[in-house]
Amino acid sequence: MRIVQAHEVELVSYILMYRNCIADLQLHVDDIDEEYIRQSKAILISGTALAESPSREAAIKAVMLAKKNNTKVIFDIDYREYNWKNSDEISIYYSIVAKEADIIMGSREEFDLTEKLIKEIKKQYSEPLKVISTGGLGR
């Protein structure tokens, strides 16, 4: 048996994503249950959920209820350029969630983009814990 270091293997990955009228963007504010959030230790909000209505409003409602009930908010940046119309939209919705997040997760590239787009947050709010993914090769 031979153990191979990640840098010794060239990794190739192909993915085809079809995202038209997808279920995760159909979450509605009426689907958010305060009691369920109150009983939870944490909720995870994906940046993808913020890309379109009605899921963006549902996600923001979940964040508001989590803060009201002392439930931790984890924000996974999960930036996908093709989900967004423009950078103003990203700035608005990412900043709403990021300023309330207890933990923010993402790749180095996602943090760089997010911090550039929502740089004013740092001036107004305390810093959340940040978890930066180094990717498949651990770099």
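This passage walks through the fold, the largest pocket and a few notable residues of a predicted model.

The overall architecture makes a good starting point. The protein chain contains 5 helices and 4 strands, and from the N terminus on these elements follow the order α-β-α-β-α-β-α-α-β. The chain has 139 residues, of which 35% count as buried. About 9500 Å² of the protein chain is exposed, and carbon and sulfur atoms supply 53% of that area. Contacts reach far along the sequence: when residues at least 6 apart are considered, 75% of their contacts join residues at least 24 apart.

Attention turns next to the empty space in the model. Rolling a probe the size of a water molecule over the atoms shows where such space is left. The largest pocket has a volume of about 280 Å³. It is lined by 18 residues, and those closest to its centre are Leu27, Ile32, Leu44, Ile45 and Ala62. Helix H1 (34-38), strand E1 (42-46) and helix H2 (55-68) are the elements that give two or more residues to this lining. Strand E1 gives the most, with 5 residues. By residue type, the lining of the largest pocket divides into 12 nonpolar, 3 polar and 3 charged residues.

Strand E1 also holds Ser46, a handy link to the next part of the chain. The side chain of Ser46 is joined to the side chain of Asp78 by a polar contact of 3.0 Å. Apart from neighbours within four places in sequence, Ser46 is in contact with Phe75, Asp76 and Asp78. Asp78 itself belongs to the loop between E2 and helix H3 (87-98). With a relative accessible area of 14%, Asp78 counts as buried because this value is under the 20% cut-off. The backbone of Asp78 is worth a look too, since its phi is near 40°, a positive value in a residue other than glycine.

Asp76, one of the residues that Ser46 contacts, can also be placed relative to Ser107. The C-alpha atoms of Ser107 and Asp76 lie 9.5 Å apart, while the two residues are 31 apart in sequence. Ser107 is part of strand E3 (residues 103-107) and is buried, with a relative accessible area of 18%.

The loop between H2 and strand E2 (72-76) offers a pleasing contrast. Thr71 is found in this loop, as is Asn70. Thr71 is buried at 2% relative accessibility, whereas Asn70 is exposed, with a relative accessible area of 72%. Asn70 has a positive phi of about 55° although it is not a glycine. The side chain of Thr71, for its part, has two backbone oxygens to consider: that of Ile37, reached at 3.0 Å, and that of Ser40, which lies 3.4 Å from a polar atom of the Thr71 side chain. Beyond its neighbours within four places in sequence, Thr71 is in contact with residues including Arg38, Lys41, Ala42, Ile43, Ala66 and Asp102.

One further backbone feature occurs in the loop between E1 and H2, where Pro54 is found. The peptide bond from Ser53 to Pro54 is cis, with omega near 5°.

Technical notes. Residues are numbered from 1 along each chain as its sequence is written. This is a predicted model: local features need pLDDT of at least 70, side-chain atom pairs count only at pLDDT 80 or more; totals for chains, interfaces and linings use all residues. Side-chain values use heavy atoms; hydrogens and water are left out. On a 1 Å grid over the protein atoms alone, a cavity is a set of points where a 1.4 Å probe fits but cannot get out, and a pocket is an open set with protein on both sides within 12 Å along at least five of seven lines; lining residues have an atom within 4 Å of a point. Grid points are joined across faces, edges and corners, and a volume is the space filled by probe spheres set on the points. Ala, Val, Leu, Ile, Met, Phe, Trp, Tyr, Cys and Pro count as nonpolar, Asp, Glu, Lys and Arg as charged, and the others, Gly among them, as polar. Buried means under 20% relative accessible area, exposed over 50%, partly exposed in between (1.4 Å probe, protein chains only). Contact means heavy atoms within 4.5 Å. Accessible areas come from the Shrake-Rupley method with a 1.4 Å probe; for residues, only the protein chains shown count as cover. A polar contact is a pair of N or O atoms within 3.5 Å; within protein, one must be able to donate a hydrogen and the other to accept it, and residues adjacent in sequence count only if both atoms are side-chain atoms.
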